[in-house]
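Here is a quick tour of one protein chain, written for someone who likes to poke at atoms. Have the viewer open and follow along.

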Amino acid sequence: MNSIDRIRILALCASALALAPLPADAQSTFRCQGKDGKKYYGNTVPPQCYGRLVEQLNKQGMVVKRIDPDANDNKDLEAKAAEKAAKEKHDLASRETQRRNRALLATYTSEKDIEEQRSRALADNQKTVREIEQRVTDLKKRRASFDKELEFYQDKKGAPAKVPPKLQEEIRQAEFDLKVQQESLEMKKKEVNTINAKYDDDKKRFIALTKR
């Protein structure tokens with residue numbers, strides 16, 4: 001075999017190797033569509049895929065994973081937004097605490113001041129309670145007077161007769177007013193606990209601020 005024939009054989013072998021399929025392990029495992037609309041493949045992520053949606057393929061060419069850069073960016077943005085919101089909430093709470101502390105120190109000069117204001121608040125509450133209790137008593141008396149008046153509209157057998165519309169309206173109004181005053185009385189009685197809790201908290205914070 002001369003040298004020319006040897007060169008031709010080597011050329012044919014090279015061509016055959018170039019046309020032969022690559023082994024499975026060497027096949028492309030990443031795929032994307034570039035900005036130019038073309039498909040790009042590679043054993044590693046092709047440069048044309050940077051910033052694009054990338055699909056990872058198995059040996060059978062099936063998609064096993066998708067890498068979405070936008071999703072990662074969105075997660076980063078959401079995390080930063082959440083962190084910013086938490087910081088703003090913390091800063092707002094801190095400013096509100098400082099404002100309340102300044103107001104507290106401007107209101108009281110000593111623990112004695114706190115106790116004196118507590119006493120005044122409780123006294124005002126008790127005064128209101130007594131006033132409401134008196135209104136409740138008056139309304140009950142009024143309602144009782146209506147009951148007596150109703151007796152005039154009963155027949156001899158005690159069966160109710162026709163009651164004048166004006167009297168019916170007065171009875172309904174008295175019952176409504178009585179209910180409102182009784183509810184108000186209950187609320188005022190419960191305010192005692194609220195008042196004491198407020199001044200207990202004020203005293204605790206005052207001590208903490210002035211004993212530093």
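Leaving aside its neighbours within four places in sequence, which residues is L209 in contact with? They are N101, L104 and L105. Before going further, keep in mind that this is a predicted model.

**The nonpolar cores**

L209 is also part of the largest nonpolar core, a set of eight residues. Its other members are L104, Y108, I114, A121, I195, Y199 and F206. Two elements, α3 (111-150) and α4 (165-210), each give two or more residues to this core. The biggest share comes from α4, with four residues. There is also a second, separate core of six residues, with V136, L139, L178 and L185 among them. As background, nonpolar side chains in soluble globular proteins tend to be buried together.

One member of the largest core has a charged visitor: the charged end of K198 sits over the ring of Y199, 4.4 Å from the ring's centre. As for aromatic pairs, the count is zero.

**A glutamine in α4**

Now look at Q181, which lies in helix α4. Is Q181 buried or exposed? Its relative accessible area is 17%, and because buried means under 20%, Q181 counts as buried. Once residues up to four places away in sequence are set aside, Q181 touches I132, R135, V136 and L139. Of these neighbours, V136 and L139 turn up again in the second core.

**E55 and its partners**

Over in the strands, E55 has its place in β3 (residues 54-57). It is a buried residue too, because its relative accessibility is 15% and the cut-off is under 20%. Beyond its neighbours within four places in sequence, E55 is in contact with T29, F30, R31, V63, K65 and R66. Two of the arginines in that list also make polar contacts with E55, side chain to side chain, at 2.6 Å for R31 and 3.3 Å for R66. For a sense of the fold around here, E55 and D68 are 13 residues apart in sequence, with 8.8 Å between their C-alpha atoms.

Here are the side-chain polar contacts of E55 side by side:

| Residue | Partner | Distance |
|---|---|---|
| E55 | R31 | 2.6 Å |
| E55 | R66 | 3.3 Å |

**The disulfide**

How many disulfides does the structure hold? Just one. It joins C32 to C49, with an S to S distance of 1.9 Å. The link is left-handed, with -85° about the S-S bond. C32 sits in strand β1 (residues 30-33), while C49 is in the loop between β2 (39-42) and β3, so the pair ties together parts that are 17 residues apart in sequence. Both C32 and C49 are buried. In general terms, a disulfide is a covalent bond between the sulfur atoms of two cysteines.

**The whole chain**

Zooming out, the protein chain has four helices and four strands. Read from the N terminus, the order of elements is α-β-β-β-β-α-α-α. Of the 212 residues in the chain, buried ones make up 18%. And among contacts with a separation of 6 or more, 51% come from residues 24 or more positions apart.

Notes:
Residues numbered from 1 in each chain as written. Predicted model: local features only at pLDDT ≥ 70, side-chain atom pairs only at ≥ 80, totals over all residues. Heavy atoms only, no water. Core = buried A, V, L, I, M, F, W, Y, C linked by side-chain atoms within 4.5 Å. Buried < 20%, exposed > 50% of the residue type's maximum accessible area, 1.4 Å probe, protein only. Contact = heavy atoms within 4.5 Å. Polar contact = N/O pair within 3.5 Å; in protein donor to acceptor, adjacent residues only side chain to side chain. Disulfide = S-S within 2.5 Å. Phe/Tyr/Trp six-rings, centres within 6.5 Å; stacked < 30°, edge-to-face > 60°. Lys NZ or Arg CZ within 6 Å of the ring centre and 35° of its normal.
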